[in-house]
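Dear colleague,

Please find below the structure that I am handing over to you, with its sequence. My findings follow directly after it.

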Amino acid sequence: MGDRTDGQDAAETPELPVEILVHILSFLHASDRKEASLVCHSWYHASQDLRFQKNVTFCFPASASSLELVRGLGRKSRCSLVISQLDGFSMSRSLLLEVGLCLGSQLESLALPGSSITEASLLSLLPRLTSLRRLDLRGLDSLFMSGAFLSREEHRQQVLSALSGLEELDLSDLRYLSDLTFTRLTSCTPRLRRLSLAGCHIAFEFDPYRGCPVGAVEDSSALLSLRNLKRLLTEQKSTLVALDLSRTSITPESLRTIAQVQDLVLEELCLHGCKELTDYSVEVLVKHQPRLQKLDVSACTELSSRSVEAIAHNLKSLANLSMSCDWRLTEKGLADLLSLSSLRSLDLSECLHISGSEIVKGLTESNPSRAQLETLSLKSCTYIRDLSVFSLTQLLGNSLSELDLTSCVNVTDLSVCAITTYLQRLVVLRLGWCKQVTDWGLLGMVETSKCDEETVRGEKGPRFTRTFGNMGFFKPPRMPFEERPKLVTQNDLEQFSQQPGASLLALTRLQELDLSACAKLTDSSIKQVVQHPDLHRLSLSMLSEITDASLASVARHCRSLTSLALSHCPGITDRGIAQAAPYLHRLQHLYLSFCGGITDRSLFVLVQHCKRLKTLDISRCRNISPTAMDLLQSQLPFLENIHYKYIGGTDLTFTL
């Protein structure tokens, strides 16, 4: 038996049944399952099981090689496509024809971003897509500029037969969408559930002479009118549940007209960047659409806490609310909002007057049906302090999976310790620009007491307030974030390895971590606690104290990384890239701008080990030559975006 060859052993090894392989693969994350599918044919076939093919989207630019890819997809029972850079030339027409022939009955979703196709090309494809559920035509002005799209009755009948089951239609950012074209297209989609008109030019203006919105009497040939939009909502009120009017000039009167459409029951409404809306608009909206589950009124700068109170009192089924960049918001009403048991996601980023006290109050009240937040964004809420974070972590420990505290400049190590102790379900943690966070916070340790620098130096003399400025006879006090970090010693690290306290290692589910511009962080903490096997996105940009040792450690312990940001890290050199790249086979996005220690050698290493790179930023890396850039572009087949301004020691600006 000991003399058998390896070939005999392989021949006698039975293959596992595909059902068992599918069961094993079901425990893996999608990225890990993709890696496993490359091991052998049987594992690949198991990874193609229908349970893994839900919501799978294939993205690729229009090219001759895409034809073979489309033919290969014909073997799948269902799929979704995002095809970019289509134009009116023969290759694009051939590709669309191939999509219709090979995927006509399997294609569920189609998006054509960054394209400029003709009506004839699209009309040759749409009648074949009999299973299409989602169509994305955003920004395709070439289709609508002439106003003749679907002007022929026979074309509308052909498209209607294919798109009668369409549920989602995205017409965002169309400058030439007219009443006639909109009517023709939506007449072919009688069962819409979701419609996006974000960024479209819509005639919402109010006509004071007629006492009605513009377009309420006769058609507007140049622009989509409120009258026509209301007509669609009335006709499809039984199916339509989601509407996106972001970045439009919708007025309070127009929003009231839409909200009061009889028997229209919206579940999702997006009004991001609609700057003319007022508190009265929101009060009318929530009164007439009380079943809203998702509402986005971010960047509606006229809204105040009146809107928060109206939302809290009327939308009892609300699950997702975004009010970011609504600068007039205060704490008022937030306690009532957090008493909504259905609320799962809350975005208050850049609401400058929020301190978190009313959020805590709403979560601590005796009401047992308080919100169970899964996502909370307090980005740039500069009044947020450790006390609020500490309370929130205790109250949301059983539910919160995503927390964004970016630019909360008063957050310190105490908040980090609270997060790692109580929020162990976190998947996403963003602490960028929290400049008071140090190694001690990530390590879960208490910093040893420090001596007063001025006492040590023996400085004497009168003290003055900062308002006098520096007049030459005294030194202004240093801000906390200006102080250099107190270094962690080897004794401190030995204590860390023995203590039971929670460090960043306690967040075992992390998939995204942002520590950018936390300038007090050093190798001491990064090497010890950034060790998350499932981490996909990591930002360590603007950490001037970290070196190649941190990069090498991160690569060894975080091999699932697809995005890594190291911009403005002067301690990162070719040596670190050489040590890290062999472990980063899944890396797709790498940011190295302003890393002066990076040279051509790093690019050669990336070509060898990181063949899946899609985005690379090496701007201001003056030791990289244009010749190396040419090699990089020729050797990395998936490279789509490359930023390399001011490389090679010159002031030339290169673009891909």
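Which residue in β3 is the bridge partner of L81? The partner is L110. The model is a predicted one, and this pairing is a convenient place to enter it. Strand β2 (residues 79-84) runs parallel to β3, and the two are paired over 4 bridges. Strand β3 covers residues 107-111, and 4 of its 5 residues are buried, so the rest of the structure largely encloses it.

**Overall composition**

The protein chain contains 26 helices and 25 strands. Of its 656 residues, 49% are buried. Among contacts with a separation of 6 or more, 78% join residues that are 24 or more positions apart. The chain exposes about 31,100 Å², of which carbon and sulfur atoms supply 51%.

**Helix α18 and its surroundings**

Helix α18 spans residues 413-422, and its buried residues are D413, S415, V416, A418, I419 and T420. These buried residues pack against two helices, α17 (386-395) and α19 (439-443), and two strands, β17 (402-404) and β18 (428-430).

**Salt bridges**

The count of salt bridges is 27. Three of them deserve a description here.

In one, the side chains of D173 and R247 meet at 2.8 Å, N to O. This pair links distant parts of the chain, 74 residues apart: D173 belongs to the loop between β5 (168-170) and α10 (179-186), and R247 to the loop between β11 (242-244) and α12 (252-259). Both residues are partly exposed, D173 with a relative accessible area of 32% and R247 with 44%.

In another, E268 and R194 form a salt bridge of 2.6 Å, N to O. Here E268 sits in strand β12 (residues 268-270) and R194 in strand β6 (residues 194-196), which again are distant parts of the chain, 74 residues apart. E268 is partly exposed at 22% relative accessibility, and R194 is partly exposed at 31%.

A further salt bridge brings together the side chains of E512 and R430 (2.9 Å, N to O). Because E512 lies in strand β19 (residues 512-514) and R430 in strand β18, the pair ties together parts that are 82 residues apart in sequence. E512 counts as buried, at 15% relative accessibility. Salt bridges with shared partners also join R134, D136, R138, E168, D170, R194 and E268 into one network.

**Cysteines**

The number of disulfides in the structure is 0. For C270, the closest cysteine sulfur belongs to C274 and is 7.9 Å away, which is too far for a bond. C270 counts as buried, with 18% relative accessibility. C621 is likewise in no disulfide, and the nearest cysteine sulfur, in C595, lies 5.6 Å from its own. The relative accessible area of C621 is 0%, and the residue is buried.

**Surface and loop features**

On the surface, a nonpolar patch is formed by L16, I20 and I24, which together have about 260 Å² of accessible area. I24 belongs to helix α2 (residues 18-25) and is partly exposed, at 43% relative accessibility.

R152 lies in the loop between α8 (141-144) and α9 (153-163). This residue is partly exposed, with 47% relative accessibility. Its C-alpha atom is 9.5 Å from that of R184, although the two residues are 32 apart along the chain.

Yours sincerely

Terms used:
Residues numbered from 1 in each chain as written. Predicted model: local features only at pLDDT ≥ 70, side-chain atom pairs only at ≥ 80, totals over all residues. Heavy atoms only, no water. Disulfide = S-S within 2.5 Å. Buried < 20%, exposed > 50% of the residue type's maximum accessible area, 1.4 Å probe, protein only. Patch = residues over 30% accessible without salt bridge, like charges linked within 9 Å, V, L, I, M, F, W, Y side chains within 5 Å. Areas by Shrake-Rupley, 256 points an atom, 1.4 Å probe, with all protein chains shown as cover. Salt bridge = Lys/Arg side-chain N within 4 Å of Asp/Glu carboxyl O. Contact = heavy atoms within 4.5 Å. Pairing = 2+ DSSP bridges.
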